[in-house]
Amino acid sequence: MDKNIFKRFDILLSLTTAILITIGILAIYSATYGNATSHEFYMKQLYFALFGFALMIGLSFVPPQYMSKASYLMYLVTIGLLIAVLLFGRVIKGNKSWFYIGGFGIQPSELAKFTTILCLANYLSSGGEETRDINKPWEFIKASLIVLIPFALILKQPDTGTSLVFLSFLIPIFFWAGLSPYFLVALISFGVIAFAAFISPTYFIVAIIIIAISLLLFKRNYIISGIIVAVNVAIGFSVPKVFSKLQPYQQKRIMAVFDPSTDPLGSGYNVIQSKVAIGSGGIWGKGFLAGTQTQLKFIPEQWTDFIFCMIGEEFGFIGSIILLTLYIVIIYKLISNAYLTRSRFLSIACVGFASIILFHLVINVGMTIGLMPVIGIPLPLMSYGISSLLSFLIMLGIGMSAYRNRNLYI
Amino acid sequence: MDSTIKKIILYIFVGCIFVVLVTRLVYLQVISVDELSKDSNKNAIKNISETPARGLMFDRNGKVVVDNKPAYTLTITPYQFDKANLNEIANLVNLPPEKLKEDLDKVKGTNRFNPVKIKRGLDFKQVSFLSENKERLKGVDYQVEALRVYPNKFRASHMFGYTKEISEKQLDKQVGDYYKQGDVIGSNGLEESYEEVLRGEKGNKFVSVDVKGREVGAFNDGKSDIPPVNGSDLILSIDADLQEYAEKLLTGKHGGIIAMDPRTGEVLCMVSKPDFDLSIFSGPTDPKDFAKLIMDKEKPLFNRAIQAKYPPGSTWKMMMSLAGLGSGELTPKSTIVCEGSFTYGGRTWEDHGAYGAIMIPTALEKSANVFFYKLGLRLGLENYDKYSSMFNFGKKTGIDLPNETSGLLPTQAYYDKVFGPRGWNQSVLINLGIGQGELLVSPVQLCAYSSAIAMNGLYNQPHLVSKIKNSITGVEENVKYDSHQIDMPKNYFEVVQRGMYLVVNGTGTAKNVKNDTYTIVGKTGTAQNSGNNHSWFVGYAPYEDPKIAICVLGENAGWGNAFGAPIAAAIMVRYLSGNSADIFNESAGSGITD
């Protein structure tokens, strides 16, 4: 091979990914160590990691035209699968989100993560920035629908955590695709209002005033500003009503974020235990397979959503920081590739992937360290789970292709 | 916006998030490390689930019919347990060591401080052995749990149902996470249908333990503990004495009885024989005993009172009369000529007598088949189905027990499906007219039907639980059931009631059970079967002011008047006399056919 390979192949991204997967397999090994029913999980993860890694490298060589062409079809297939899983899926822990094929569980919602981003990227990049001007209401609605359909289907399973993932990349992608700051503020305001209204009416009133003033400062159409404020007020009033309609276990989960001791048996239990596990790791950690909390299996199924505890406890602060840094490298690299590539399709896709990885990181790590609600979403590339692992590796393969195609116009 | 600026904004955003996460990690792992390490060493939380007492059941007079008694359950806490003791423990409780090992393997990966229930119903010797060897056998303990006891002279096995250890399948399927391995769950009868009422809410005690698994005190000073809430009690509508009496009458036979108060729908007694002894489920259930019950050819687990479905035979003739009146094919004064046999399409259907031109009451009294062959043809399938479904035939009555059958009310679509659109004709209505053919009904459906006739069309949903009593507040809450008026004039019912009166008090097929104290009315029926025919009796008493309606089914018991009528009459008289009379006379069958 010629030395050009370093210019064409995204070494940094592939290397970081390889390191993260390796740490992930070690973490699963430790978390399932001495566990009769799940000690072979790390082997399964290893096989699929090898396969997924090869898939990632392979994808980085696929010309982006093919990807963009295939994106609508892949999206439709995933939507079909999401509908099928609602009809025929197996119920695991109250969620209807799994298919079982030959002993392997497949979660269509994990696949939907990348197919939705690709579809949205393809939609926004087809016909150039002018025809798909996201500031036009009709274009905005059509683009939003691409995301809201899988969001609604997954919410129906009901898997609230995974459905929220689909909202996480909407704003960053619209921002990247050229949504004006005015609409950006409006979009963000909806989330802010929902949160403020949940905390207390006072917060809600303060937030609504701040939003109204900032919208006025843009000096845009007052009618539109008025409508946005009105929608915000409506959201504010409906949040407490929606909350009261949630399942009691969901309410408990949300309340336990603010005070884990209110629910020491349920989600609060996991948070208390994971904080103790991570905190007791100290600066250097207790050493591989030596974490008492991890090895005593205080946290049920730690190898899925609570895998970060094992890192925090056995590798300490240093290990945690290294791990977080690796993720940040991946996210920065994806944003940088988005900036470099001349393909608008790949550029938007990369921003979507960066957002989705960041969201998973913040929610997952945030939940284990008691900053975020216990929402069952995996830590990318680390948590045990084949669908999720493959889905993220596919995203990274496409991210690498953006680097390879940084001089290519399409 | 320039894309360079956009990139920088995104970089800054990601950087801020990184800083927040790192700050929190610094706080946890650098600043709070001492405190959290102490927690990790000494403050791991052991969560001990406390099982509430299951709700009791009382009969309509306040007598306890399902009670609890304390029993001891062996538990093993995996973290403290030394596997070297596995064989000794298995020996002590007579379990194969492999089974014990399997039970412990199943909970791996879950909280190892949580005691696993291994074996229920320890005897006194086993419990005292455990107490004496507590120090040596670490992690082995016992818990006091409530077991069911039935302080009755009757069984009511199908009515009460039983509790059993939750299966892995049920654990996987549950919504939420209430049940854990080793928990019991209502698995049949009222135990199943009122599971959420009876079970109560589990409590939780949180105990701090050190790394060695030693308890070092209550977590959060016990403030996080949740005390268990005992299950609510069920006040049943059954009469314990009547239940005992009814079971006695059916002992050694195959069949079902269900009696209810027509004014309310309250079930007074419900029997299905053969049955089984519930107490084999209350202790540690021997899988062999359970397998024996399932394999038993007599099907003792099958609740004949609500699950058996057979053609109703002549008990159907009231339904036909009402459908005839309702559809306008008959008036209370109309007559149909009964020649002793009936020919249609070249085929002849026989009857046991020729009665001439008769009206409905006489047709019922004599159980005149030709009358109903002709009426069936006149009605047509559409009217037949319309009026029958008004009495919930082909539907569940909604009795508060699991697995009730809907029976079968054949429709045109049904015949088209089974025989093909050209494979059948109107002649099916001839058999359907006398309650034979494809039509299938259950005892509870017939009982509710007889009750609705007694009440001039007031249809009450049959039910066993009348009130739910909160075990803490003692407040009794009425349970609401459906009660609706069937849209038909009162005089139609009076015509039919008159016919049922004559069956017992005239020269009808059940005159052998005529009673001088209480006016019993009813109708016998025989369901044709490949073996011996099944026998039916439906009825109510007293005629003037109905207080009890009943249906008796005898499988392969021959004619309705020989089997069903004497039993039904005895139960009704027993109830009306305040549980003092016993008029049952098995040889009362007169040999008259219905």
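## Exercises on a two-chain predicted model

Chain A exposes about 17000 Å², and carbon and sulfur atoms supply 73% of that area. The model is predicted. Work through each exercise with the structure open.

### Exercise 1. Profile the two chains

Task: State how many helices and strands chain A has, what share of chain A is buried, and what supplies its exposed area. Then do the corresponding work for chain B.

Solution.
- Step 1. Start with secondary structure. Chain A has 18 helices and three strands. Chain B has 21 helices and 23 strands.
- Step 2. Turn to burial. Of the 410 residues in chain A, 55% are buried. Of the 594 residues in chain B, 54% are buried.
- Step 3. Look at the surface. Carbon and sulfur atoms supply 73% of the exposed area of chain A. In chain B, they supply 51% of about 25200 Å².
- Step 4. Check the contacts with a separation of 6 or more. In chain A, residues 24 or more positions apart account for 72% of them. In chain B, residues 24 or more positions apart also account for 72%.

### Exercise 2. Place Leu164(A)

Task: Decide whether Leu164(A) is buried, partly exposed or exposed, and find the surface patch it helps to make.

Solution.
- Step 1. Locate the residue. Leu164(A) lies in helix H8 of chain A.
- Step 2. Classify it. Buried means under 20% relative accessible area, and exposed means over 50%. Leu164(A) has 32% relative accessibility, so it counts as partly exposed.
- Step 3. Find the patch. Leu164(A) joins Trp138(A), Ile141(A), Leu145(A), Leu148(A), Ile149(A) and Leu167(A) in a nonpolar surface patch of about 600 Å². Helices H7 (137–155) and H8 (160–168) of chain A each give two or more residues to this patch. H7(A) gives the most, with five residues.
- Step 4. Now take the buried residues of H8(A). They are Gly161(A), Thr162(A), Ser163(A), Val165(A), Phe166(A) and Ser168(A). These residues pack against H5 (108–125), H7, H9 (170–176) and H17 (344–368) of chain A.

### Exercise 3. Trace the largest nonpolar core

Task: Name the residues with the most contacts inside the largest nonpolar core, and list what Leu124(A) touches beyond its sequence neighbours.

Solution.
- Step 1. Recall the background. Nonpolar side chains tend to be buried together in soluble globular proteins.
- Step 2. Identify the core. The largest nonpolar core has 113 residues, and Leu124(A) and Phe174(A) have the most contacts inside it. Helix H16 (residues 307–340) of chain A supplies the largest share, 17 residues.
- Step 3. Follow Leu124(A). Set aside neighbours within four places in sequence. Leu124(A) is then in contact with Arg132(A), Ile134(A), Ala143(A), Ile173(A), Phe174(A), Ala177(A), Arg344(A) and Ile348(A).
- Step 4. Find the separate core. Another core, of 95 residues, lies apart from the largest one, and its members include Ile238(B), Ala368(B), Tyr384(B) and Val538(B).

### Exercise 4. Read strand E10 of chain B

Task: Say which strands pair with E10(B), and in what sense. Then say whether its faces are covered or open.

Solution.
- Step 1. Take E2 (residues 57–58) of chain B. E2 and E10(B) pair in the parallel sense over two bridges. Ile235(B) is the bridge partner of Phe58(B).
- Step 2. Take E18 (residues 465–469) of chain B. E18 and E10(B) pair in the antiparallel sense over four bridges. Here Ile235(B) stands opposite Lys467(B).
- Step 3. Sort the side chains. In a regular strand they alternate between the two faces of the sheet.
- Step 4. Apply this to E10 (residues 233–236). Asp233(B) and Ile235(B) lie on one side, with Leu234(B) and Leu236(B) on the other. All four are buried, and both faces are covered.

Conventions:
Residues numbered from 1 in each chain as written. Chains lettered and ligands numbered in written order. Predicted model: local features only at pLDDT ≥ 70, side-chain atom pairs only at ≥ 80, totals over all residues. Heavy atoms only, no water. Buried < 20%, exposed > 50% of the residue type's maximum accessible area, 1.4 Å probe, protein only. Contact = heavy atoms within 4.5 Å. Areas by Shrake-Rupley, 256 points an atom, 1.4 Å probe, with all protein chains shown as cover. Pairing = 2+ DSSP bridges. Patch = residues over 30% accessible without salt bridge, like charges linked within 9 Å, V, L, I, M, F, W, Y side chains within 5 Å. Salt bridge = Lys/Arg side-chain N within 4 Å of Asp/Glu carboxyl O. Core = buried A, V, L, I, M, F, W, Y, C linked by side-chain atoms within 4.5 Å.
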